[in-house]
Amino acid sequence: MPRPIIATINQNALKHNLSIARNLAPTSHIWAVVKANAYGHGIKNVWKSLIKADGFALLNLDEAIFLRDHGWDKPILLLEGFFDSDDIKIINHYSLTTAIHSHWQIQALKKAKLLSPVNVYLKINCGMNRLGFQPNEINKIWHQLRSYNNIGELTLMSHFPEAENPQGVTEPMKKIKQATIGLKCPHSLANSAATLWHPNTHFDWIRPGIMLYGASPSSDSKRIVHSGLKPVMTLTSKVIAIQEIPEGASVGYSHNYCAPYKQRIGIVACGYADGYPRHAPSGTPIKVNNEITQTIGSVAMDMLAIDLTNHPNTGLDSTVELWGENIKIDDIALIAKTVGYEIMCSLSQRVPVKLY
């Protein structure tokens with residue numbers, strides 16, 4: 001028998017979450033963001049459930065080529081652009097849209113010998129200070145790009161560093177507005193947080209990412225409790241052993257948990273090598289059968305322990321939900337002092353994935 005851990009992907013939840021994004025921004029086009037292998041869900045597993053999007057946004061050329069080879073003929077956006085001048089030929093061949101955030105990319109595009117113009121997303125740095133041109137450069141660069149035969153459609157792009165906050169887009173929007181005075185250009189600004197909470201940022205194209213997978217851009221599950229978003233991935237396993245331990249007995253590595261009383265514990269076939277956060281402390285919620293309990297002790301590479309003291313009817317082979325429909329991934333992330341994004345992306349390749 002195979003090891004009992006499995007991740008299931010709810011295809012209807014993906015479709016549902018995409019429809020929520022559509023309803024939030026009914027006059028905007030949607031880039032469905034599938035970077036980082038669709039936030040750990042697997043681009044091969046999710047793209048067909050997102051075909052009602054207007055385009056896919058990602059990072060890797062291999063993933064873009066996969067989509068083209070499987071029949072996707074609508075737009076594909078490379079969020080970080082190209083990393084080498086030789087990539088431009090591939091971008092042109094597969095009719096990809098590329099972000100431009102550096103002067104060397106502009107020169108490479110200008111010099112490239114292309115069969116047709118390339119659509120470009122010009123990135124403005126409005127406060128994130130990662131990629132993009134300063135606001136005072138945008139007007140000049142925009143007109144420069146418009147003069148090149150190799151440039152097709154041109155769209156202004158930016159990214160908000162704190163759109164999860166009520167006033168988080170105020171200053172960035174001021175910079176963008178000032179930078180684009182006199183320019184008639186389409187905009188793509190809104191990430192998941194802005195899509196959910198800042199309708200003034202929606203413009204022409206929104207770029208929902210983590211919200212499509214049913215988690216909160218703020219890493220606080222309470223923030224999306226009324227949004228209608230549904231978790232897409234559920235990670236389950238089984239209880240593979242039961243231990244009865246006396247008061248004072250320790251559990252797991254480093255003996256950082258000692259039983260305060262006689263306890264009954266279950267050992268679950270899931271550990272940090274599967275993607276469960278190693279630093280999740282004792283007390284992290286977990287569901288066994290139809291009841292909520294908690295982890296105890298350190299998370300090991302392949303196993304973790306849960307408290308079954310008050311669950312006498314739970315025995316070997318009982319089903320455990322690590323995260324998903326009942327245990328919110330954001331709640332685990334909060335306790336483990338990380339973010340839901342990281343946990344999603346950490347799902348190990350050794351965990352089998354099932355679609356339903």
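His202 is buried in the predicted model, because its relative accessibility of 7% falls under the 20% limit. The residue sits in a loop. Helix H9 (192-197) precedes this loop, and strand E9 (205-206) follows. Contacts of His202 with residues more than four places away in sequence involve Leu24, Ala25, Ser28, Ala190, Ala194 and Thr195. Ala194 also offers a polar partner: its backbone oxygen lies 3.4 Å from a polar atom of the His202 side chain.

The domain assignment divides the protein into domain 1 (11-214) and domain 2 (233-355). The domain centres, taken over C-alpha atoms, are 38 Å apart. Eight residues of domain 1 and eight residues of domain 2 take part in the contact.

Between domain 1 and domain 2, about 810 Å² of area is buried. Carbon and sulfur atoms account for 72% of this area. On the domain 1 side, Tyr39, His41 and Ile210 stand out. Together they supply 51% of the area that domain 1 buries against domain 2, more than any other three residues.

Polar pairing across this interface was examined next. No salt bridges are found between domain 1 and domain 2. The count of residue pairs in polar contact, with both residues at pLDDT 80 or more, is likewise zero. The side of domain 1 that touches domain 2 comprises four nonpolar and four polar residues. Charged residues are absent from that side.

How values were computed:
Residues are numbered from 1 along each chain as its sequence is written. This is a predicted model: local features need pLDDT of at least 70, side-chain atom pairs count only at pLDDT 80 or more; totals for chains, interfaces and linings use all residues. Side-chain values use heavy atoms; hydrogens and water are left out. Domain bounds come from an automatic or database domain assignment. Contact means heavy atoms within 4.5 Å. Buried area is the accessible area (1.4 Å probe) that two parts lose on being put together, summed over both. A salt bridge is a side-chain nitrogen of Lys or Arg within 4 Å of a carboxyl oxygen of Asp or Glu. A polar contact is a pair of N or O atoms within 3.5 Å; within protein, one must be able to donate a hydrogen and the other to accept it, and residues adjacent in sequence count only if both atoms are side-chain atoms. Ala, Val, Leu, Ile, Met, Phe, Trp, Tyr, Cys and Pro count as nonpolar, Asp, Glu, Lys and Arg as charged, and the others, Gly among them, as polar. Helices (H or I, at least four residues) and strands (E, at least two) are DSSP runs, numbered from the N terminus. Buried means under 20% relative accessible area, exposed over 50%, partly exposed in between (1.4 Å probe, protein chains only).
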